[in-house]
Structures are given as C-alpha cells and as structure tokens.
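Work through the exercises below with the model open beside you. Try each task before reading its solution.

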Amino acid sequence: MGRAWLRTVAADDRVALAGVVDLDPATARRAVAEELGDVAVPVGASLSEVAARGGAQAVIDVTIPEAHLPVTLEAFGLGLPVLGEKPLAADLAQASTLVKAAADSGLLFMVSQSRRYDPGLWALRDRAASLGDLGVLTQEFFRAPRFGGFREAMEHPLVLDMAVHNFDAARFVLGRDPVSVYCEEFNPSWSWYRGAAGATAVFEMSGGVRFVYTGSWCAPGLETSWNSRWRLSGARGSATWDGEDEPVTQLADGAPGAEVDHGPAPLPPGTGTAGALAEFVTALRTGRVPMGECHDNLLSLAMVHAAIASSAAGARVRVADVLASARAEAGIPAQSPYPAPEKTGSGFPG
Ligand SMILES: NC(=O)c1ccc[n+]([C@@H]2O[C@H](COP(=O)([O-])OP(=O)(O)OC[C@H]3O[C@@H](n4cnc5c(N)ncnc54)[C@H](O)[C@@H]3O)[C@@H](O)[C@H]2O)c1
C-alpha cells in the first residue's frame, strides 16, 4: 500500500515527497526507485531523522496497524499532522489514545478510508436524500480472495480487515452513527481462513435506522464488488447500488429512476487515496475538518469492535459501552474531555 501512496503523492501537485521511512530502508529505497524512478529523497528507518532531513510538514502513515500508535505519536512529537491508513489503530484502546493525543496536541489526525472516495458512493448518498425517512440499509459482501499471509491467520479477518470499509461507507451514506449491534461471526466448513471469514451484523443506527451487513471472504461464484451490493429502503422509495456503476433509484409507483431528476451528483475530491490526500491537504490549508478526522473515524472502528464483542458474547452490544471500555483500558478518565476540533461538520461538501 506504501507504493500506492508513493504514486498518489507523485500525482498531486500540491504535495512533494520529503522522504520515505521503513523499518527496512532497502524496502523503501526499492519502492521509490521502482515507482518513481531516479528521485533523490531521504530514506531511512527513523521517522524523526528522515522528517528532519527532508523538511517534512506532514506524515502519511502506511505501516501495519500495530505500528499506527507509535508512528502517529512520534509524528505528533515532531509537531506534524498525520494522514494514516485505516484502521485508525490496532485496537479500540489504542485508537482512543490516539484520538486523545490528537486533541491534546491540536494536530490533525485523519484516517484514509479510501473507499469513501468513490463517485458511485457519493451518488448513492445524494440519491438517499430523495427517499424520505430511511428504514433499512442492507449490504451484501461476497468474495473469495486467496491472499495467503497474515489475513488467513487472523482471528477476525473479514470484520477487522475489510468490513471497516463497508461500515464506514454505510455511516457516510446514511449520515447516521451506530448505537448498538448484534453480530454473529462464522467460518464456513470449506473456509481457507483460520479465523471467521464470514459475519452477519444488524446495527441500530441513530434515529432507529437499521443497517444489516452480511459478508463472506470465502464465497466463490457471483462475487459482489469490493464495495458490496447495497439496498436502501426509505418512506418514498428505494435505491440499489452494485458497488461499481451508477446507483438505481425507484420512488413509490415509479419506473426505476424515471421521475427523479437527480441532476449531477457531487463528486469526491479525487478517487481512492487521491481523494483522501486532497481532503487532507484542503483541511491543512483551510482549517476545514476533513472526512475521516480521527474523532469521527473512531465511530467506524467502534462498529468493528462492537460487532466482534457482540459475536463473542452472543448478545446485542451498545457501541457507547464498547467505547467506554476502550477508554478505561487506555487509562483515559471517563470525564476526560478530548473534544473534536472546533470546525466540525459532516465533511461532505455541499
Ligand atoms: N485502503 C485500502 O484499500 C488498503 C489496502 C491495503 C492495506 N491498507 C492498509 O495499509 C496499511 C499497510 O498495509 P500493507 O498491506 O501495505 O502492509 P505491508 O506489511 O505490506 O507493509 C507495511 C510496511 O510498513 C513497514 N513498517 C512496519 N512497521 C513500521 C514502523 N514502525 N515504522 C516504519 N515502517 C514500518 C514494514 O516494514 C512494511 O514495509 C495497513 O494499515 C492496511 O490496513 C489499506
């Protein structure tokens, strides 16, 4: 993923590569040479040292989840804002520590959920506004990737590594935050994963809206897109999205999309990581709170960990309780204020 970010940085005129850090500098050097050619930038194993040599003004953290905490804290120690890959941190306690550290330092910490920057998703969110009160959103995610490596050894590969994208996208389209969840994780008999490659979760979102997710990572045949297959049901009609093409809307008694003059849907500031980078740069230049700001992104990660907790307990779990336990585990007092930045908002430009 670091290579994808090298290409994204190289393609954006508003940023310049100040240096590249990896525990193994040879890996970084090879990546720079193969992706960018003959570019002279500082490379090394120490963030502080490379940032100083290269005059870095921000850090893009594409390390493994377990390193997100130390790397982000080191960047804050240098006074640098951070754009970090998902997930926010390896667990919810570490995530809480980082959100508090961002608030205490006043530095921007934004999480890149690259699947948020998808034109089809933005169109679906736009269409959702025409459906009246929303009742239920369903997502079906069925794929059969054979990654090898760490994912096949993880305890919760689907929910922890993948579903955070789908859950975060559901929050984006619904404009609602999670209240509680009942989830069952499972591993089909033919699974090539050690941990749970399948899950079904029923979320209650704010305002009573339900979000029902069913996914499997060992589902050969009729695979859905990586964005999953969506159906959104509202008082005035329904919308579907295959995760790739234009969403389809049908209002009550209407032909699909016929009587709806949607006009052009708003577009993301770029697609995938390019969108996340554009959002980050705009935030740093204008002070506007970006999508994926850590206080907000914490709720997407909380959906993941609440689903896992529910599955383990065999019971419905409240997201606020899971967040409170994480704060306690991180040693953050219950009353500790670590407010979201002043200029808040959905981050969805008008
Ligand atoms: N948005 C997406 O679609 C997407 C896709 C893939 C991965 N990711 C995310 O990107 C991140 C990286 O994933 P990956 O698949 O590229 O992992 P990877 O294991 O292939 O690469 C991680 C690199 O980070 C280096 N590293 C680890 N700890 C470090 C530290 N403390 N300091 C400096 N370097 C360190 C490793 O040496 C390695 O080169 C993860 O958080 C993952 O969830 C996102």
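The exercises treat the ligand site and then the two sheets.

This is a predicted model, in which local features need pLDDT of at least 70 and side-chain atom pairs count only at pLDDT 80 or more, while totals for chains, interfaces and linings use all residues. Residues are numbered from 1 along each chain as its sequence is written, and side-chain values use heavy atoms, with hydrogens and water left out.

**Exercise 1.** Describe the shell of residues around the ligand and its polar contacts.

Solution. Start with the residues near the ligand (a heavy atom within 4 Å of it). There are 15 of these, and the closest are M1, D22, E85, K86 and S114. Next, sort the shell by class: eight residues are nonpolar, four polar and three charged. Here Ala, Val, Leu, Ile, Met, Phe, Trp, Tyr, Cys and Pro count as nonpolar, Asp, Glu, Lys and Arg as charged, and the others, Gly among them, as polar.

Then look for polar contacts (N or O atom pairs within 3.5 Å). A polar side-chain atom of D22 is 2.6 Å from a ligand oxygen. For M1, a polar backbone atom lies 3.0 Å from an oxygen atom of the ligand. H68 places a polar side-chain atom 3.2 Å from a ligand oxygen. Finally, the protein covers 71% of the 850 Å² of accessible area that the ligand has on its own (Shrake-Rupley method, 1.4 Å probe).

**Exercise 2.** Which strands stand at the edges of the sheet with the order 3-4-5, and why is one side of each left without a neighbour?

Solution. Strands are DSSP runs of E with at least two residues, numbered from the N terminus, and two strands pair if DSSP finds at least two bridges between them. The sheet is open, has three strands and shows parallel pairing. Strand 3 (59-61) and strand 5 (109-112) are the edges; each has a single partner strand, so one side of each has no neighbour in the sheet. Strand 3 pairs with strand 4 (residues 82-85) over three parallel bridges, and the bridge partner of V59 in strand 4 is V82.

**Exercise 3.** Describe the sheet of eight strands and one pairing within it.

Solution. Write down the order first: 12-11-10-6-9-8-7-13, an open sheet with mixed pairing. Its edges are strand 12 (248-251) and strand 13 (317-318), each with a single partner strand, so one side of each is left without a neighbour in the sheet. Now take strand 6 (residues 134-142) and strand 9 (residues 210-216): these run parallel and are joined by seven bridges. Within this pairing, T138 has V212 of strand 9 as its bridge partner.

Methods. Polar contact = N/O pair within 3.5 Å; in protein donor to acceptor, adjacent residues only side chain to side chain. Helix = DSSP H or I, 4+ residues; strand = E, 2+ residues; numbered from the N terminus.
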